[in-house]
Amino acid sequence: MSEKIKIGISIGDVNGIGLEIILKTLIDPSIYDYFTPIVYGTTKVASFYRKTLSLGDLNFNVISDAEQANPKRANMINCWDDDVKIEPGVANETGGKYAFMSLDRAVSDLVAGNIDALVTAPINKHNIQNEEFKFPGHTEYIQAKVNANDSLMFLVGEDLKVGVVTGHVPVSEVAQQITKESILSKLQLMKESLKKDFWIQKPKIAVLGLNPHAGDNGLIGKEELEIIMPAIEEAKEKGVFAFGPYPADGFFASGAHLKFDGVLAMYHDQGLIPFKYIAFHNGINFTAGLPVVRTSPDHGTGYDIAGKNQASESSFREAMFSALNIVKRRKEMAELTANPLKISKLSKDRD
């Protein structure tokens with residue numbers, strides 16, 4: 001625990017706001033009191049945004065591998081030598097190409113244990129597609145890299161934590177992917193993450209319905225009666241304190257989410273729309289259920305404000321400190337449970 005934690009940073013789309021929020025975060029010298037940041041990109045692109053946006057004087061310590069990182073500096077691993085034509089606000093192949101090169105190198109170090117956590121700046125899920133990246137997003141890519149059977153897209157804020165059963169899938173395919181098994185898996189992952197990553201020993205989890213009014217007793221869909229409720233009952237039998245299903249609209253409007261430690265939504269927008277409304281400035285995205293720690297800000301590439309010095313670094317900064325705290329909690333938990341005391345039954349004979 002005495003060695004400072006190393007947090008890797010992938011830069012995302014070079015034409016988006018990724019470098020801007022990274023630079024605005026790392027220019028604060030107090031950052032280096034808590035962790036050692038390692039950016040996977042190139043000093044050329046960083047210098048372009050630093051000068052274009054007049055972000056002050058931030059010089060990177062250039063290293064070839066994570067072991068060389070200076071704990072008191074912002075470190076940079078140059079992932080390419082190309083001269084990149086940067087076009088802020090433009091979605092093109094260039095943005096996707098270098099976003100992948102940054103992400104691939106960073107994830108390799110994460111999986112190898114060369115860094116303790118990874119914070120990913122936003123990518124464009126369309127232009128990053130290539131022969132090695134055929135995934136709907138960061139979550140699925142990193143899950144595949146660590147050979148995990150499942151993971152949980154977990155949106156985490158100060159007063160709200162929301163996971164989703166189906167992530168980056170078309171709305172037309174949501175209902176067929178809602179199964180008792182998928183709900184049970186996500187509930188188990190959420191329970192374990194709340195305990196291990198957030199130290200909530202007996203988390204209460206609310207489960208949302210799929211249909212309007214949670215199906216209204218089968219009048220507006222049968223999924224609640226046939227799939228979601230049986231999943232909740234089985235989860236309870238397995239030690240998960242799950243409740244519901246609740247109608248999604250009234251659940252958030254009434255503030256019912258404040259009574260629970262986590263909320264499981266059935267699909268992406270059902271969970272993310274209220275989350276971003278409630279926790280937009282301090283919310284982050286965490287890929288739960290994996291042996292590695294990865295977080296990200298809860299916003300996208302921001303093409304509309306890229307290169308205009310308008311992007312807020314608050315969510316990215318929160319993502320970095322959330323990654324730090326999760327790593328520390330996991331390490332402390334591992335230490336506390338490394339050598340448990342053996343439990344022996346007392347004899348009834350007191351003589």
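Here are some notes on this predicted model, working from the sheet to the helices, the rings and a few backbone oddities.

1. **The sheet.** The backbone of the fold is an open sheet of 12 strands with mixed pairing, in the order 3-4-2-1-5-12-11-6-7-10-8-9. Strand 3 (61-63) and strand 9 (241-246) are the edge strands, each pairing on one side only. From one strand to the next, the twist averages 25 degrees.

2. **Strands 1 and 2.** If you want a register check here, strand 1 and strand 2 are parallel, with 6 bridges between them. Lys 6 has Thr 36 in strand 2 as its bridge partner.

3. **Strand 12 and its neighbours.** Strand 12 (residues 294-297) is worth a look. On one side, strand 5 pairs with strand 12 in the parallel sense over 2 bridges, and Leu 118 stands opposite Arg 294. Strand 11 and strand 12 run antiparallel and are joined by 3 bridges, with Asn 285 partnered by Ser 296. The hairpin of strand 11 and strand 12 has 5 residues between the strands, and Gly 289 takes a positive phi near 90 degrees there.

4. **Side chains of strand 12.** Which way do the residues of strand 12 point? Arg 294 and Ser 296 go one way, Thr 295 and Pro 297 the other, and all of them are buried. That fits the usual pattern: in a regular strand the side chains alternate between the two faces of the sheet.

5. **Helix 3, geometry.** Helix 3 (residues 93-112) has 20 residues, so at 1.5 Å a residue it should span 28 Å; the end C-alpha atoms sit 29 Å apart, which agrees. Its N-terminal end is capped by Asn 92, with a side-chain oxygen 3.2 Å from the backbone nitrogen of Thr 94. Just past the other end, Gly 113 has a positive phi of about 85 degrees.

6. **Helix 3, burial.** A good part of this helix is hidden: the buried residues are Gly 95, Gly 96, Tyr 98, Ala 99, Phe 100, Ser 102, Leu 103, Ala 106, Val 107, Asp 109 and Leu 110. When you read that list, keep in mind that an α-helix has 3.6 residues a turn, so residues three or four places apart point the same way. The cover includes strand 1 (5-10), strand 2 (35-41), strand 4 (75-78), strand 5 (117-120) and helix 4 (138-145).

7. **Helix 9 on the sheet.** Helix 9 (residues 268-279) lies across strand 6 (152-156), strand 7 (161-166), strand 8 (204-208), strand 10 (262-267) and strand 11 (284-288). It runs at about 135 degrees to strand 10.

8. **Phe 100 and Tyr 141.** The count of aromatic pairs comes to 16. One of them is Phe 100 with Tyr 141, edge-to-face at 6.3 Å centre to centre and 70 degrees between the planes. Phe 100 belongs to helix 3 and Tyr 141 to helix 4, so the pair ties together parts 41 residues apart in sequence. C-alpha to C-alpha, Tyr 141 and Phe 100 are 11 Å apart.

9. **Around Tyr 141.** Tyr 141 has 1% relative accessibility and so counts as buried. Leaving aside residues up to four places away in sequence, Tyr 141 touches Phe 100, Leu 103, Asp 104, Val 107, Glu 132, Phe 133 and Phe 135.

10. **A ring cluster.** Phe 243, Tyr 246, Phe 251, Phe 252 and Phe 260 are linked into a cluster by ring pairs. Both Phe 251 and Phe 260 are buried.

11. **A cis peptide.** Check the bond between Gly 244 and Pro 245: the peptide is cis, with omega about 5 degrees. Pro 245 is in strand 9.

12. **Positive phi without glycine.** Two residues stand out here. Ser 54, in the loop between helix 2 (43-52) and strand 3, has a positive phi of about 50 degrees although it is not a glycine. Ser 54 is exposed, with a relative accessible area of 64%. Asp 216 also has a positive phi of about 50 degrees without being a glycine, and lies in the loop between strand 8 and helix 7 (223-237). At 35% relative accessibility, Asp 216 counts as partly exposed.

Conventions. Residues are numbered from 1 along each chain as its sequence is written. This is a predicted model: local features need pLDDT of at least 70, side-chain atom pairs count only at pLDDT 80 or more; totals for chains, interfaces and linings use all residues. Side-chain values use heavy atoms; hydrogens and water are left out. Helices (H or I, at least four residues) and strands (E, at least two) are DSSP runs, numbered from the N terminus. The expected span of a helix is 1.5 Å times one less than its number of residues. Buried means under 20% relative accessible area, exposed over 50%, partly exposed in between (1.4 Å probe, protein chains only). Contact means heavy atoms within 4.5 Å. A polar contact is a pair of N or O atoms within 3.5 Å; within protein, one must be able to donate a hydrogen and the other to accept it, and residues adjacent in sequence count only if both atoms are side-chain atoms. Two strands pair if DSSP finds at least two bridges between them. Axes are lines fitted to C-alpha atoms, for helices over the stretch in contact, and angles run from 0 to 180 degrees between N-to-C directions. Rings of Phe, Tyr and Trp (its six-membered ring) pair if their centres lie within 6.5 Å; planes under 30 degrees apart count as stacked, over 60 as edge-to-face and the rest as tilted.
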